[in-house]
Amino acid sequence: MHHGPAVKLEADKAAARKARLGVILFIVYALIYAGFVAIGLTNPDLLAIHVIGKQNLAIVYGFGLIILAMVMGFIYNIICTRYENAANKKMEDRT
Amino acid sequence: MIYEVSIWAVLIFIFFVAAVLGLSFYFARKTKSASSYYAAGGTIHWGVNGIAFAGDYLSAASFLGICGMIAFSGFDGFLYSIGYLAGWVAALFLVAEPLKRLGKYTFTDALDARFNAKSIKLTASISTLVVSLFYLIPQMVGAGDLVVPLLGLPHWVGVLIVGSIVIFIVATAGMTSTTYVQFIKGALLIIFSTVLTFYILNHGLTLKPGGNAPELMRLTAIVEDGKLTGVDDEKWHFDGAFEAGGKTFARLESEGVQRWFLLDASGKLVETLSLTITEDGIKLYNGAPRSEQKFYQVGNVTKIVRDGEELDETGPLGPFGFFAALDEAEITRYSKVEIRDAHTTVWYPKPTAGRDMINPGLLLKVSNKHGANFWTKLNFVSLMLALFLGTSALPHILIRYYTVPSQRDARKSTIVAIVAIGFFYILTMYMGLGAAINGVLDVESSNMAGPLLAKYFGVGLFSIISAIAFATVLGTVAGLIVASSGAIAHDFLDNYLGMKMDDRKKVMAGKMAAFGVGVFAIVLGILFKGMNVSFLVGLAFSVAASANFPAIVFLLFWEKTTAKGIAASILTGILSSVILILLSPSMYERYGLPTTSAPFPMDNPGIVSIPLAVIVLVVVSLLTQKDNAQKVENYHHA
């Protein structure tokens, strides 16, 4: 049985570099996420402390995790697109 | 709870359903091949697919479940929002592009791409089915909850309507129509949730939501030798004291109607909401049949303090001013307790500091002051782990990667999804808390907090929001049924059993499988009535994270992974997570048994089942290394 993709895919010479970047960014986010869980677990009262104006740490950290995911997504896309363009350019130069 | 049916709500609802069906008819004519049925021909634009991702993901669990959980338990409900969104980070950074490169129609294809092994085809298709079914239950429960206030129909009719419409959608057009339904619905859900949030902030905090402050009856209790023995009120006759959940309750009778009261710390008997089931099976709401409408909606602010001064209302607030105002306010929440001896469920008022509503701890008990212990803390970690790792292991989400033309499009559509979903999840905090303070909560169903809040601001908004929520359920169920039918027809019948089907037969098999799964989902939706849909989806995440996540990640990042290792890990993940869920306290409550007798002390099994699946994968792979000599070498993992 053939298991190939549903559509014909372009060659992706930047795959390895993108994957490495993905793993790094994933680990960074996982650590920040784990930090939130760890505070909730070891010192939940800390989450009630006001950190910015009258906003408590729970709200700031929680909203921050959501906004950080968006920002990291944009950064990842910009760098990946650069990797792809560079890899494609190299291929063109060779031909 | 009795709701008045609005003709506008019915009309808007019918319009939505008709539009969804019209779209399905339109795309049905274009769906001829298996590729278009299962993967929309791989031609969807990344922007459309990104919003459709949001449509798929922002299911009944998000809009109905999370808002309800925040309304009843504050920040703990928002933990689901944080975890659900974090899951997309794993999806974007780890699996989006490699999975797109490896697969064809289903997630089983991707897992099996390097091996072509029967064991993977079988276990991955079973896992797709199990996870999708776990995910289907809350969608159907949510659908039933929605039609009660919207159309005034019983819960089971709602489940039946959704099931039937979705089977029709999926059986006619498959993934293309499902994608466009999800796109439209995802966009509308985000737009109208923003509108609802604007209303909440503009309304601010008030002691008299809607101009009415609920005045609870307070009677003087007679307590002798520390025991509740009567009531000091001529109108009421004392009919017994009951202990439950560490509280004392009195059953009082007046003019033939029984009501339940909570003995508070000041020696007063405070009015509660009660549901009693009589010996002949009749349900009495506050001592009277449902038709007498003795039940009422609850949840309000009881104290507003700004700069040391007590106020009646705050006026319009900004997005941050809203939390600052809540931080100093006091809210009345309602807690549920079962009084088994009297076949009665009581919901009693519980004054809660607004500060506690915007901090974790009311539901998940992470803080010692809320009665946390080792198991409740571990349960919290387990939930957060499953939510983080579950998203990128949900088959009905993963199949959406096959609807776009390239890896780059897969990545971009994931980022669009993160932005749309993240924005919506921020709004859930406002919608949930808005429901908690405006006297709109139905204690019988936490799932209705969002739509009932919309009703508070106007029937028009309620009608639109409810219709979107209903479409949300329709779309998500459609996606789940496509994924399930793919698992049965493509992975199991075609690939595992080797039934050589042509394109037409493959589509037919998919449609028949969709019908079967749909009927099964209807039955489960009726059986699980009354459970919070976000909690149920959390369980689906646990099963997905246990069964599929280790398999996907090790396949992509560990050279030594073998087919047998993957199959054994999937099987271990499914079995361990499902068995532990069946032995959990929440399920014991469902069986009608005391929660303390549950053999597994946590509701979320991920912390046990995910590492177990990883260990099995590693051990079995190391023991079966010789198999890898024959693996298909054509595919390079990332």
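Two strands are said to pair if DSSP finds at least two bridges between them. With that in mind, this tour moves through a predicted model, beginning in chain B.

**The sheet of chain B**

Select residues 218-224 of chain B, which form strand β1, together with residues 268-271, which form β6. These strands run antiparallel and are joined by three bridges. To view one of them, pick B:T220, whose bridge partner in β6(B) is B:K268.

Next, extend the selection to the whole sheet, an open one of six strands in the order β2-β1-β6-β5-β4-β3 (chain B), with antiparallel pairing. Its edges are β2 (227-231) and β3 (237-244) of chain B, each of which pairs on one side only. Viewed from strand to strand, the twist averages 40°.

**The interface with chain A**

Now display both chains. Here 71 residues of chain B are in contact with 51 residues of chain A. The two chains bury about 5000 Å² between them, and 68% of this lies on carbon and sulfur atoms.

Five salt bridges are counted between chain B and chain A. For one of these, select B:D307 and A:K54, whose side chains meet at 3.8 Å, N to O. Across the interface there are also twelve residue pairs in polar contact, both residues being at pLDDT 80 or more.

Finally, colour the elements on the side of chain B that touches chain A; among those giving two or more residues are α10 (319-327), α12 (374-390) and α16 (459-496). Which element gives the most to this side? It is α5(B), with 16 residues. By residue type, this side of chain B divides into 41 nonpolar, 13 polar and 17 charged.

Definitions and conventions: Residues numbered from 1 in each chain as written. Chains lettered and ligands numbered in written order. Predicted model: local features only at pLDDT ≥ 70, side-chain atom pairs only at ≥ 80, totals over all residues. Heavy atoms only, no water. Helix = DSSP H or I, 4+ residues; strand = E, 2+ residues; numbered from the N terminus. Axes fitted to C-alpha atoms, helices over the stretch in contact; angles between N-to-C directions. Contact = heavy atoms within 4.5 Å. Buried area = accessible area lost by both parts, 1.4 Å probe. Salt bridge = Lys/Arg side-chain N within 4 Å of Asp/Glu carboxyl O. Polar contact = N/O pair within 3.5 Å; in protein donor to acceptor, adjacent residues only side chain to side chain. Nonpolar A, V, L, I, M, F, W, Y, C, P; charged D, E, K, R; others polar.
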